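Trainee: I have a model open and a list of labels for it. Can we go through how each label is earned?
Mentor: Yes. Bring up the structure and ask away.

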Amino acid sequence: ARGTVSRRRYPAPRALDRFPPFPAADRILTGSSISPPRPATIQPGRRIRGVVEHAVVPVSEQRTLAEETTYKAAVAMMGKDANRWAPGTHETADHSMPFCVASALRDGEFNDHTFSSERLHDPAMLTLMAKVKVAEEPRHTARYPEAAPSSVRVRMKGGATVEKEVIYPKGHAKAPMSEAEVIAKFNTMTSGRVDAGRRSQVIDCVLRFDKAGDVSGLLALLAN
């Protein structure tokens with residue numbers, strides 16, 4: 001009826017089976033293995049950084065990357081469509097497993113420059129993304145959505161392998177960000193747009209939000 005919301009639930013696996021065959025397979029190196037992390041499906045960057053944190057690998061030293069083990073929903077939403085392998089916008093790139101994995105391995109962090117137009121069209125990024133493989137890992141699928149697990153394995157030119165697995169990425173309900181981490185992320189993402197004084201005011205306002213009589217003060221800081 002008009003004005004009502006359907007509560008009918010549809011089985012996720014059946015919906016996912018309707019996705020087209022894995023695209024760009026001819027551009028992926030097979031026989032290698034890396035898997036993704038940061039991320040909950042809506043925040044791949046965060047999950048992936050958790051998996052490869054402090055493991056920056058120079059492009060010149062990388063041989064093969066394969067986001068090999070993650071849950072089925074993540075593969076369908078962030079690694080199946082062809083545009084995930086050649087993102088042209090910030091919105092597509094931050095939901096692209098190959099892009100986020102390549103960025104995490106290249107820079108060791110995510111910041112305002114990560115999804116810039118310059119980075120999206122950087123030949124070195126495209127080269128690195130072509131070495132990434134995304135595939136489902138059944139044991140990770142079995143744990144989703146209670147967890148958002150992924151694993152990453154990087155093979156170096158010399159044959160050495162770096163591996164990491166994360167079950168609850170930072171920001172997940174079971175791995176919440178601390179107040180200090182949230183503040184650090186806010187400062188990182190706004191430092192190029194908002195001066196330090198105003199950032200400090202915003203942080204102070206948000207930390208006292210539960211005691212505020214109204215939101216006008218915060219809105220004024222964000223609007224100017």
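Trainee: What makes up the surface here?
Mentor: The chain exposes about 12600 Å². Carbon and sulfur atoms supply 54% of that. Keep in mind that this is a predicted model.

Trainee: How much of the chain counts as buried?
Mentor: Of its 224 residues, 39% count as buried. The chain has 11 helices and 4 strands.

Trainee: Why is Arg119 called buried?
Mentor: Set the value against the cut-off. Buried means under 20% relative accessible area. Arg119 has 7%, so Arg119 is buried.

Trainee: Where does Arg119 lie, and what does it touch?
Mentor: Arg119 lies in helix α6, residues 117-120. Leaving out residues up to four places away in sequence, Arg119 touches Phe99, Arg106, Asp107, His113, Thr114 and Met125.

Trainee: Why is Cys100 called buried?
Mentor: Its relative accessible area is 0%. The limit is under 20%, so Cys100 is buried.

Trainee: And why does Cys205 get that label?
Mentor: Cys205 has a relative accessible area of 16%. That is under 20%, so Cys205 is buried too.

Trainee: How many disulfides does the structure hold?
Mentor: A search of the whole structure finds 0. A disulfide needs a pair of cysteine sulfur atoms within 2.5 Å.

Trainee: Which residues make up the largest nonpolar core?
Mentor: There are 11 in all. Among them are Ala93, Phe99, Cys100, Phe110, Leu120 and Met125. The elements that give two or more residues to this core are α5 (97-107) and α7 (123-129). The largest share, 4 residues, comes from α5. A second, separate core has 10 residues, including Tyr71, Ala74, Val75 and Trp85.

Trainee: Why is strand β3 called largely enclosed?
Mentor: Count its buried residues. Strand β3 covers residues 150-156, and 5 of the 7 are buried, so the rest of the structure largely encloses this strand.

Trainee: How do you know that β3 pairs with β4?
Mentor: Pairing takes at least two bridges. Here 6 bridges join β3 to β4 (residues 161-166), so the two strands pair. They run antiparallel. For one bridge, look at Val154: its partner in β4 is Val162.

Trainee: What lies between the two strands of that hairpin?
Mentor: The hairpin of β3 and β4 has 4 residues between the strands. In this hairpin, Gly159 takes a positive phi near 100°.

Key:
Residues are numbered from 1 along each chain as its sequence is written. This is a predicted model: local features need pLDDT of at least 70, side-chain atom pairs count only at pLDDT 80 or more; totals for chains, interfaces and linings use all residues. Side-chain values use heavy atoms; hydrogens and water are left out. Buried means under 20% relative accessible area, exposed over 50%, partly exposed in between (1.4 Å probe, protein chains only). Contact means heavy atoms within 4.5 Å. A nonpolar core is a set of buried Ala, Val, Leu, Ile, Met, Phe, Trp, Tyr and Cys residues joined through side-chain atoms within 4.5 Å. Accessible areas come from the Shrake-Rupley method with a 1.4 Å probe; for residues, only the protein chains shown count as cover.
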